[in-house]
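Hello,

Here is the structure you asked for. Please open it first, then read the notes below it.

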Amino acid sequence: MNDKKYLEYTYSDTAAPPSEYPKLFAKWLLDTVYNNVSTIGDFGCGRGDYLKEFQRLGFTPHGFDISPNISMLSDFNVKQIDFANDKAPYTKEKFDFIFSKSVVEHLREPSTYLTAIHKSLKDGGKAVVMTPSWKHTHWGPFYIDHTHVTPFTKHSLKAALEMAEFKNVSVQYFYQLPILWKYSWLTPAVQLLAKLPLPFAPYNDVPWSVSNSTNKLIRFSKEVMLMAVVEK
């Protein structure tokens, strides 16, 4: 995960084109999970997309990532961390909220990372931990990223979080399609779409880009996430 070429590619505008998604998702998290603004740690902040949106909403964000390019986020309180090898806690600061999206599946010893999140929360704090759902991605999309090494099911993620001493652990399937956050009654239609053998980038060799709106609809009907909401 700390390979320079991998990090530069993963965080590039080509591999992950900028979009409105972080803005929409950060607002959804505020409205439905966090419920108020305070200190928040983004564990795996990458190029800072969510740091910017959390700050815009009124949070006091802190970022942690393995990429040396994190130093470019000079407008934020950020720290370079190797989640697989550095000892927790990563900072003396403790947070009211923590956000972790698409990190834990990269770690061969995820329990160490989840314990670090627990240690970094204030008592009564709340964390969101997200990872691809193995049930929905085992047939191929899980390995779009070759550094994915630890898959999770609803049961295994819940168990791992409980062993890390979190309480009130809730794990749900989560579709990265904002339209479903507003119109949940459309979920059966999206589930039907997911069953169709439609190609999508970057899993298939197709003439359109990952940012194509139809491609996003197809891709994220199939690539379902797990979202865990936990408390300390």
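**Helix 8 and its surroundings**

In this predicted model, helix 8 spans residues 187–195, and T187, V190 and L193 are buried in it. These three lie on the same side of helix 8, because they cover an arc of only 115° around the axis. A general point helps here: an α-helix has 3.6 residues a turn, so residues three or four places apart point the same way. The face turned away from the buried side of helix 8 carries exposed residues, namely P188, L192 and K195. What covers the buried residues of helix 8? Helix 7 (178–182) and helix 9 (213–222) are included in the cover.

**A201**

A201 sits in the loop between helix 8 and helix 9. Is A201 buried or exposed? A201 has a relative accessible area of 6%, and buried means under 20%, so A201 is buried. Leaving out residues up to four places away in sequence, A201 touches V206, W208, S209, V210, N215 and R219. Between A201 and P22 there are 20 Å in space, C-alpha to C-alpha, and the two are 179 residues apart in sequence.

**The second largest pocket**

P22 is also one of the residues that line the second largest pocket. The others in that lining are P18, S19, E20, K23, R47, D49, K52 and E53. By type, the lining has 6 charged, 2 nonpolar and 1 polar residues. Helix 2 (21–34) and helix 3 (49–57) each supply at least two residues of this lining, and helix 3 gives the largest share, 3 residues. The space in the second largest pocket is about 150 Å³.

Regards

How values were computed
Residues numbered from 1 in each chain as written. Predicted model: local features only at pLDDT ≥ 70, side-chain atom pairs only at ≥ 80, totals over all residues. Heavy atoms only, no water. 1 Å grid on protein atoms, 1.4 Å probe; cavity = no way out; pocket = protein on both sides within 12 Å on 5 of 7 lines; lining within 4 Å. Points joined across faces, edges and corners; volume = space filled by probe spheres on them. Helix = DSSP H or I, 4+ residues; strand = E, 2+ residues; numbered from the N terminus. Nonpolar A, V, L, I, M, F, W, Y, C, P; charged D, E, K, R; others polar. Buried < 20%, exposed > 50% of the residue type's maximum accessible area, 1.4 Å probe, protein only. Arc of directions from axis to C-beta. Contact = heavy atoms within 4.5 Å.
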